[in-house]
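Reader: I am new to this structure and would be grateful for a close look at one part of it, namely the largest nonpolar core. Please set that core in the context of the chain as a whole.

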Amino acid sequence: MTRLNTNDLIGIPYLRNGADPSTGFDCWGLVSYALRMMGRDTPAYRAVASLPDSYALMTQQVAGGDWIEDDAADGNVVAFFRRRWVAHVGLYVGGDVLHTGEGAGVLLQPLARVLRSNGYTEARFYRWREWV
């Protein structure tokens, strides 16, 4: 796995449905881009944040059959839940979470801070089923 330089991503603006560092990221776009840069191919993420039932769709995409719940490990996807729905995703990197915030863009923050400051009920870690 190629090492991801998170410093190159921090501060890139938030952009709903964004998936490109030159314009901005939403949480799905950031995770998808970062995984590609690390050489971890996954199916393309759908931009779901603007859809009416986005929590249900995100839950289906992350907790669906091709993702396997795993331990906290660098490069794994972190899914943040509100009750039973995935409300946000990020990437676990060195004990922190690389994720987006609407007002701040791309951030690298401790997991506990992301959970506490956004009202999420839990975080779960996932890896793509085809990763070794």
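Author: The model shown here is a predicted one. It is useful to begin with the chain as a whole. The protein chain contains three helices and eight strands, and, read from the N terminus, its elements follow the order β-β-α-α-β-β-β-β-β-α-β. Of the 132 residues in the protein chain, 43% are buried. Among contacts in the protein chain with a separation of 6 or more, 56% join residues 24 or more positions apart.

Against this background, the part requested may be described. The largest nonpolar core has 21 residues, and the members that touch the most others are L4, L9, F25, V89, L91, L98 and V106. Two or more residues of this core are supplied by each of α1 (27-37), β4 (77-82) and β5 (85-93). The largest share, seven residues, belongs to α1.

One member, V106, merits individual attention. Once its neighbours within four places in sequence are set aside, V106 is in contact with L9, I10, G11, I12, F25, L30, L98, H99 and T100. Of these partners, L9, F25 and L98 are, like V106 itself, among the core residues that touch the most other members.

This core is accompanied by a second one, which is separate and has nine residues, including V78, F80, V114 and F125.

Finally, the outside of the molecule may be considered. The protein chain exposes about 7000 Å², of which carbon and sulfur atoms supply 47%.

Notes
Residues are numbered from 1 along each chain as its sequence is written. This is a predicted model: local features need pLDDT of at least 70, side-chain atom pairs count only at pLDDT 80 or more; totals for chains, interfaces and linings use all residues. Side-chain values use heavy atoms; hydrogens and water are left out. A nonpolar core is a set of buried Ala, Val, Leu, Ile, Met, Phe, Trp, Tyr and Cys residues joined through side-chain atoms within 4.5 Å. Buried means under 20% relative accessible area, exposed over 50%, partly exposed in between (1.4 Å probe, protein chains only). Helices (H or I, at least four residues) and strands (E, at least two) are DSSP runs, numbered from the N terminus. Contact means heavy atoms within 4.5 Å. Accessible areas come from the Shrake-Rupley method with a 1.4 Å probe; for residues, only the protein chains shown count as cover.
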